[in-house]
Amino acid sequence: MTAPAARDPSGKPVLRALAGIRVDPPPVWLMRQAGRYLPEYRATRARAGGFLELCLTPDLAAEVTLQPIRRFGFDAAILFADILLVPMALGADLWFETGEGPRLSTVTGPADLARLRPAEAVPERLAPVCETIRILRRELPARTTLIGFAGAPWTVATYMIAGRGTPDQAPARRLMYGDPAVFEALIDRITQATIAYLSAQIEAGAEVVKLFDSWAGALPGPHFARYAIEPARRIVTELRARHPGVPVIGFPRGAGAGYAAWLDGTGVEGLALDTAVDPGWAARALQPRACIQGNLDPLLMVLGGPRLAEEARRIRDAFAGGPHIFNLGHGITPDADPAHVEQLLAAVRG
Ligand code: CP3
């Protein structure tokens with residue numbers, strides 16, 4: 001474990017685990033725990049008028065962040081926002097097509113880059129997000145940890161380049177090979193914006209920050225080191241210098257055996273595993289160096305039943321020898337049943 005490991009002034013289970021302490025039963029939260037599977041979320045989203053309005057209205061964003069905490073008593077709350085707010089703050093047009101997902105104006109050449117705002121402009125343009133954090137620090141129960149977040153530069157770049165989500169991130173990989181100067185300038189701009197934005201989140205009261213590299217698995221060979229590990233290393237190093245003792249969780253989804261190099265290269269305190277990572281391997285190869293978070297298949301939150309409890313215990317037991325935060329391997333889906341969340345909590349905590 002890295003430096004802050006020894007101290008744990010707070011007694012909050014998630015902060016204890018991230019400080020390298022084995023907590024039994026493990027603390028639990030779920031990726032996308034505030035979302036469409038909850039009727040109260042859908043009601044608040046309708047009141048806001050839309051998803052982006054919800055993200056940028058501090059009272060309502062705080063409300064939907066708190067909903068799953070009230071209902072389930074999770075050990076962590078994750079700020080309600082989106083990774084695509086950073087491109088928006090950099091000057092991209094952003095909207096959500098109902099039923100289809102995000103749409104953005106694209107960045108594919110020097111002229112598009114030149115139109116982007118400087119990285120330093122991002123925290124001020126996202127001031128409502130920091131206001132949400134301040135509200136949450138007043139309203140959250142004393143034992144609940146508040147997690148801020150941002151997308152990792154590569155993942156954010158895939159949306160900025162393609163203008164939408166893509167199954168294979170081909171437009172972004174095409175730019176990476178075809179115009180490395182533009183591609184690297186974009187990665188650099190997002191990296192700097194992310195440092196400024198996460199720093200502002202921590203100053204507003206985020207106790208942990210998580211970096212989502214949802215498409216890390218699409219980067220081949222040396223490009224994984226350059227565009228997944230290196231930007232994350234810069235972000236972690238800079239945050240550590242500015243805010244010593246604030247842990248970072250990394251999620252290089254789909255990295256496979258690359259999880260080990262990503263952990264070594266970035267030095268994060270917490271490592272979120274996707275569903276494909278074998279817990280036995282991770283317990284041996286990764287857990288001695290970081291708190292593991294994960295990695296139940298989100299489909300089990302739709303199915304419920306005995307398999308849910310069995311799989312949850314299998315993962316809990318695999319990581320019982322070291323620091324672990326129980327979570328899913330990816331976000332909970334809109335068709336999940338809230339009653340299955342209760343089942344999961346009983347299995348993990350019971
Ligand atoms: O509860 C939480 O986890 C906090 C909020 C959160 C959201 N998005 C809310 C959201 C977080 C941490 C994210 C991260 C995010 N956003 C990622 C990385 C994690 C991952 O899932 O891999 C990515 C890639 C995005 C970009 C994004 N946002 C997409 C592709 C979509 C559309 C697909 C979808 O799930 O609908 C969104 C929309 C979004 N972000 C929703 C929520 C609750 C659904 C919006 C709605 O209410 O209609």
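Which backbone atom type of Q33, N or O, lies 3.3 Å from what kind of atom of the ligand? A backbone N or O atom of Q33 lies 3.3 Å from an oxygen atom of the ligand, and the legends below begin with this contact.

This is a predicted model, in which local features need pLDDT of at least 70 and side-chain atom pairs count only at pLDDT 80 or more, while totals for chains, interfaces and linings use all residues. Residues are numbered from 1 along each chain as its sequence is written, and side-chain values use heavy atoms, with hydrogens and water left out.

**View 1. Polar contacts of the ligand.** Besides the backbone of Q33, a polar side-chain atom of R45 lies 2.6 Å from a ligand oxygen atom, and one of H330 lies 2.7 Å from an oxygen atom of the ligand (a polar contact is a pair of N or O atoms within 3.5 Å).

**View 2. The shell around the ligand.** The ligand is surrounded by 20 residues, the closest being R36, Y41, R45, S214 and H330 (near means a heavy atom within 4 Å). This shell divides into 13 nonpolar, three polar and four charged residues.

**View 3. The largest pocket.** The space taken by the ligand is the largest pocket, whose volume is about 1400 Å³. Of its 44 lining residues, R32, R36, F51, D82 and F96 are the closest to its centre. A pocket is an open set of points on a 1 Å grid where a 1.4 Å probe fits, with protein on both sides within 12 Å along at least five of seven lines, and lining residues have an atom within 4 Å of a point.

Key: Points joined across faces, edges and corners; volume = space filled by probe spheres on them. Polar contact = N/O pair within 3.5 Å; in protein donor to acceptor, adjacent residues only side chain to side chain. Sits in = over half its atoms within 2 Å of the grid points. Nonpolar A, V, L, I, M, F, W, Y, C, P; charged D, E, K, R; others polar.
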